[in-house]
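Work through the exercises below with the sequence and the model open. Each task is followed by its solution in steps.

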Amino acid sequence: MRIAFDGFMQECITFNSALASTDELKPVKISASSTVALSADTQQIHGKAIKVEKDGAVTVQLKGYVEFTYSGADPAVGYAKLAADGTGKVKVDATNGREFLVMKVDTTAKVVGFLL
């Protein structure tokens with residue numbers, strides 16, 4: 001049996017943005033009224049850019065299970081403080097990070113899965 005967390009309590013909303021299609025699946029933050037931007041280094045993760053449209057609208061996942069590639073130290077399962085690394089990945093950041101429930105860590109592929 002394959003274990004899967006995808007779709008658990010997933011909630012998405014559409015925002016304005018200046019994101020490009022190459023920014024899909026990267027961590028974003030709410031940057032202004034009704035607008036998101038990529039999360040810069042050490043900034044909090046508010047959601048995941050799912051689909052960027054040509055008119056600048058972007059579907060953002062704000063709740064549920066997500067996976068991101070990570071840089072730096074390997075996260076541990078359980079509650080961990082994570083923040084963006086400024087390159088479209090996330091990282092462990094005990095100072096600036098927000099606490100998430102980490103459910104999966106693949107150290108070979110450098111992928112972390114957690115609940116938003």
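**Exercise 1.** Find the ring over which the charged end of lysine 48 sits, and then place that ring among its aromatic neighbours.

Solution. Start at lysine 48: its charged end sits over the ring of phenylalanine 68, 5.2 Å from the ring centre. A charge counts as over a ring if NZ of Lys or CZ of Arg is within 6 Å of the ring centre and within 35 degrees of the ring normal. Next, Phe68 belongs to one aromatic cluster with Phe100 and Phe114.

The model is predicted: local features need pLDDT of at least 70, side-chain atom pairs count only at pLDDT 80 or more, and totals for chains, interfaces and linings use all residues. Residues are numbered from 1 along each chain as its sequence is written, and side-chain values use heavy atoms, with hydrogens and water left out.

**Exercise 2.** How many aromatic pairs are there, and which parts of the chain does the pair of phenylalanine 5 and tyrosine 65 link?

Solution. Apply the rule: rings of Phe, Tyr and Trp (its six-membered ring) pair if their centres lie within 6.5 Å, and planes under 30 degrees apart count as stacked, over 60 as edge-to-face and the rest as tilted. The count comes to 3 aromatic pairs. One of them is phenylalanine 5 with tyrosine 65, tilted, at 5.2 Å centre to centre and 55 degrees between the planes. Phenylalanine 5 lies in the segment before strand 1 (11-17) and tyrosine 65 in strand 6, 60 residues apart. Strands are DSSP runs (E, at least two residues), numbered from the N terminus.

Now check accessibility, where buried means under 20% relative accessible area, exposed over 50% and partly exposed in between (1.4 Å probe, protein chains only). Phenylalanine 5 is partly exposed because its relative accessible area is 29%, whereas tyrosine 65, at 5%, is buried.

Phenylalanine 100 and phenylalanine 114 also form a tilted pair, 4.7 Å centre to centre with 45 degrees between the planes. Phenylalanine 100 is in strand 9 (residues 98-106) and phenylalanine 114 in strand 10 (residues 111-115). Both phenylalanine 100 and phenylalanine 114 are buried.

**Exercise 3.** In what order do the 5 strands of the open sheet run, and which are the edge strands?

Solution. The order is 6-10-9-7-8, with antiparallel pairing; two strands pair if DSSP finds at least two bridges between them. At the edges are strand 6 (65-69) and strand 8 (90-92), each pairing on one side only. Strand 7 (residues 78-84) pairs with strand 8 over 3 bridges. Across from lysine 91 in strand 8 stands alanine 83.

Conventions: Helices (H or I, at least four residues) and strands (E, at least two) are DSSP runs, numbered from the N terminus.
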